[in-house]
Structure formats: C-alpha cells, structure tokens
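Notebook open, coffee poured. Today I want to go through the empty spaces in this model and see what lines them.

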Amino acid sequence: MKAFVTGVTGYIGGSLAVALLKQGYEVRGLVRSNTHIRELGHLGVIPVLGSLYDTDIVARQAQDADVVVNAADADNAYVVSTLLGALKGTPTRLLHVSGASVIGDRAGGAFSDQCWTEANQPQPRLEKVGRVAIDHALQDAARDKVHTLVVCPTLVYGEGLGVRKQSIQIPLLQALARKHGVAVYAGSGENRTGHVHIQDLVSLCLLMIDEAPAGTFLFAENGEVAMKDLAQMLGNKLGFAAPAQSKSMAYLLRECCFDDPQEAEYGLGSNIRVCADRARELGWRPSHHDLLGWLAR
Ligand SMILES: NC(=O)c1ccc[n+]([C@@H]2O[C@H](COP(=O)([O-])OP(=O)(O)OC[C@H]3O[C@@H](n4cnc5c(N)ncnc54)[C@H](OP(=O)(O)O)[C@@H]3O)[C@@H](O)[C@H]2O)c1
C-alpha cells in the first residue's frame with residue numbers, strides 16, 4: 001500500500017507519515033526544499049521535491065497512492081482542487097487536515113457557553129470563509145466519487161512523531177511569555193479551547209482512513225482548557241514568579257508582533273469549543289485528556 005503526504009516535514013503531516021510507515025505503507029512526502037531530506041530518509045519517507053502549486057507532481061503522486069494526506073495548509077484551495085481533480089473516480093482515501101478555528105468567535109478572552117458540533121456550526125467569520133469553503137468542497141466531492149475525509153482538530157499538543165516535534169500554538173505562547181517576562185492572556189482569559197494530543201489525532205486519522213465513509217467531516221478534541229489557566233501553567237513552567245497577566249486584544253495585536261493577527265484573535269482570544277462525539281461514535285478512543293498535566297510534566 002502506498003501513501004502520499006503533503007506537509008510531511010510538519011508536525012501533523014510528519015506524525016501521520018510515521019504512523020502510516022508503521023502500518024506498512026510506503027510513504028512519499030512532498031517537500032519544497034532540501035532542508036529536511038536527510039531526516040525524512042532516516043524516518044523511511046521517500047521525499048518528492050515540489051510545492052503545493054506543482055500540479056503535475058501532486059496529481060501524479062496522488063494517483064499513484066492508496067491514501068493521500070493533505071496536511072500542509074488548511075487554507076490552500078489550490079492543492080485541494082488539484083487533488084480532487086486527480087482522484088475523481090478512484091478508491092484512494094484523501095484525508096485533509098482542517099482546523100477548528102473555523103468556529104472561533106474572536107471573543108477577546110470572554111467566555112462563551114456555546115459548544116459546536118459537526119451538525120451545528122456557526123456562520124463562519126469572514127476571514128474563515130475560505131477554509132470552510134475548502135472543507136465543504138471536500139465533503140461535496142464524495143458525490144463525485146472521491147473518497148474524501150476531513151479531520152478538524154482543536155489545539156494539538158504532545159511530541160510529534162516526525163521531523164517537527166513541536167506544535168504551533170504552545171511554543172508561540174511560550175515565546176510571547178518570554179518576551180514579556182510574564183505569561184499573558186487576552187481579556188478575562190475565560191475563553192476556552194478544545195485540545196487533542198497528537199497521538200490521539202493520529203489514531204483518529206488512521207481510523208477515518210480505514211472506516212469512515214466518503215464525505216466524513218469530524219472534529220477532534222478530548223478536553224478543553226481556559227486560556228488563563230493555560231497561561232498560568234506556561235508561566236509556572238518558565239519559572240516566572242508573577243502570575244499570568246491580562247492584556248487587551250488591542251494591546252496584544254499592537255505590541256506582540258504576531259506574523260498574522262489571527263494568531264492572537266484565534267490562538268489567544270477565541271472560544272474554540274467543539275464536541276467530538278461523532279469521532280467517538282466511529283470508535284475513536286483517545287487516551288490523553290490532560291493538557292495542563294502534560295505541560296506540568
Ligand atoms: N498544530 C495544531 O495545533 C493545529 C491545529 C488545528 C489545525 N492545524 C492545521 O493543520 C495543518 C498542519 O499543521 P502543522 O501544525 O502540522 O503545521 P506545520 O508544522 O507548520 O507544518 C506545515 C507543513 O506544510 C508544509 N507546507 C506549507 N506550505 C507549503 C507549500 N506551499 N508547499 C509545500 N509544503 C508546504 C511545510 O513545509 P516546510 O517544512 O517547508 O515549511 C510543513 O511541512 C495546518 O493547516 C494547520 O493550520 C494545526
């Protein structure tokens with residue numbers, strides 16, 4: 001069996017690539033530079049040089065695979081369009097990694113009691129419309145005989161299995177705390193985010209590849225945390241004596257030099273609360289639920 005993975009040098013794509021290798025797949029991975037080729041080779045991944053915009057390379061590799069994992073960029077419609085075109089009428093499983101900020105509310109740190117499900121999602125905020133359209137296009141493509149699967153994780157934590165060991169969000173919050181000499185949160189910090197351990201996310205993805213019908217969309221979470229508590233734990237771990245501090249979203253956007261304001265609005269200030277019952281109904285049995293405990297250790 002053959003797999004093709006985009007985002008193979010990344011945290012999620014790399015972890016999935018290693019899991020597929022362990023299952024006996026021959027795994028090819030799209031890489032846009034030579035930087036990690038040696039490390040990928042040590043893992044057993046066959047690198048394919050190219051970018052998400054190299055239509056011929058992406059289409060050919062996808063058509064030659066039994067499983068395609070698209071874990072490079074949840075907002076890149078171009079590669080999804082290429083993959084959907086290439087896989088029309090084939091039995092290949094196409095697993096796309098989206099992200100649960102699609103239901104984020106930019107609450108500036110205020111708590112919301114709203115918890116969303118696959119069947120009950122809000123109208124996306126304007127900056128999330130593109131990602132939601134990609135997710136819908138993937139689900140709709142099941143009607144065109146493409147075996148599409150969309151997994152939509154909340155904050156992912158834990159040690160990656162591939163080249164990149166660390167997830168995005170917690171290192172970002174740590175860097176922010178180091179820069180300020182104190183851990184920070186937005187507003188009251190009572191906003192909550194779901195979370196899922198990378199090993200549990202991988203097990204859900206493998207289950208979806210094996211069991212889920214075409215067109216399946218699943219949220220992934222196994223617990224939630226208030227951002228104030230997360231900030232406090234990060235501060236403790238960094239050895240700061242002062243308690244975590246509240247900052248306004250305006251301050252965070254102005255002073256913290258985020259690459260993208262969405263990192264602050266969604267990564268710090270939003271409620272990202274979903275319920276992954278549907279994944280559990282499929283048979284998913286996540287074993288990690290304690291993000292703060294993991295951080296403390
Ligand atoms: N980590 C989380 O907590 C989380 C939660 C929910 C959703 N997600 C979503 O899941 C996806 C993967 O996240 P991640 O944490 O694994 O990110 P990551 O560690 O930054 O990995 C991204 C990967 O995609 C590759 N890539 C990006 N643009 C590319 C392009 N134009 N051509 C070829 N390769 C490209 C990167 O290659 P290089 O190594 O060359 O940069 C890297 O291998 C993202 O869309 C993210 O938004 C992540």
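Which element gives the most to the lining of the second largest cavity? I looked it up: β1 does, with 3 residues. Note to self before going on: this is a predicted model.

**Entry 1, the second largest cavity**

I put the second largest cavity at about 40 Å³. Its lining is Lys2, Ala3, Phe4, Glu26, Arg28, Gln61, Asp64 and Ala65. β1 (2-6) and β2 are the elements that give two or more residues to this lining. I sorted the residues by class and got 3 nonpolar, 1 polar and 4 charged.

**Entry 2, the largest cavity**

How many cavities of 30 Å³ or more does a search of the whole structure find? I get 2. The largest cavity has a volume of about 70 Å³. Around it I list Leu173, Leu176, Ala177, Ala183, Val184, Tyr185, Met227, Leu230, Ala231, Leu234 and Leu268. By class, that lining comes out as 11 nonpolar, with no polar and no charged residues. At least two lining residues come from each of α6, β8 (184-186) and α8 (227-237). α8 gives the most here, with 4 residues.

**Entry 3, the largest pocket**

Next I went to the open spaces. The largest pocket holds about 1500 Å³ of space. I count 49 lining residues for the largest pocket, and the closest to its centre are Ala72, Asp73, Ala74, Arg131 and Ile168. Two or more lining residues come from each of α1, β2 (26-31), β7, α6 (169-180) and α10 (261-265). α1 gives the most to the lining of the largest pocket, with 3 residues. The class split for this lining is 19 nonpolar, 21 polar and 9 charged.

**Entry 4, the ligand**

Where does the ligand go? The space it takes is the largest pocket. I find 24 residues surrounding the ligand, and the closest are Thr9, Gly10, Ile12, Arg32 and Ala74. The shell divides into 12 nonpolar, 8 polar and 4 charged residues. α1 (11-22) and β7 (155-157) each supply at least two residues of that shell.

Then I checked some contacts to ligand oxygen atoms.

- The side chain of threonine 9 has an N or O atom 2.5 Å from an oxygen atom of the ligand.
- For alanine 74 it is a backbone N or O atom, 2.7 Å from a ligand oxygen atom.
- Isoleucine 12 also uses its backbone: a polar atom there is 2.8 Å from an oxygen atom of the ligand.

How much of the ligand's accessible area does the protein cover? On its own the ligand has 910 Å², and the protein covers 82% of that.

**Entry 5, the second largest pocket**

Last stop: the second largest pocket, with about 160 Å³ of space. I wrote down its lining as Val156, Tyr157, Gly158, Glu159, Lys165, Gln166, Ser167, Ile170, Pro171, Gln174, Trp294 and Leu295. β7, α6 and α12 (291-296) each supply at least two of those lining residues. Which element gives the most to this lining? That is α6, with 3 residues. By class I have 6 nonpolar, 4 polar and 2 charged.

**Cross-check**

I looked for elements that keep turning up. β7 is in the shell around the ligand, and β7 also helps line the second largest pocket. α6 appears in the lining of the largest pocket, in that of the second largest pocket and in that of the largest cavity. β2 is listed for the largest pocket and for the second largest cavity.

Terms used
Residues are numbered from 1 along each chain as its sequence is written. This is a predicted model: local features need pLDDT of at least 70, side-chain atom pairs count only at pLDDT 80 or more; totals for chains, interfaces and linings use all residues. Side-chain values use heavy atoms; hydrogens and water are left out. A residue is near a molecule or strand if one of its heavy atoms lies within 4 Å of it. A polar contact is a pair of N or O atoms within 3.5 Å; within protein, one must be able to donate a hydrogen and the other to accept it, and residues adjacent in sequence count only if both atoms are side-chain atoms. Accessible areas come from the Shrake-Rupley method with a 1.4 Å probe; for residues, only the protein chains shown count as cover. On a 1 Å grid over the protein atoms alone, a cavity is a set of points where a 1.4 Å probe fits but cannot get out, and a pocket is an open set with protein on both sides within 12 Å along at least five of seven lines; lining residues have an atom within 4 Å of a point. A molecule sits in a cavity or pocket if more than half of its atoms lie within 2 Å of its grid points. Ala, Val, Leu, Ile, Met, Phe, Trp, Tyr, Cys and Pro count as nonpolar, Asp, Glu, Lys and Arg as charged, and the others, Gly among them, as polar. Grid points are joined across faces, edges and corners, and a volume is the space filled by probe spheres set on the points.
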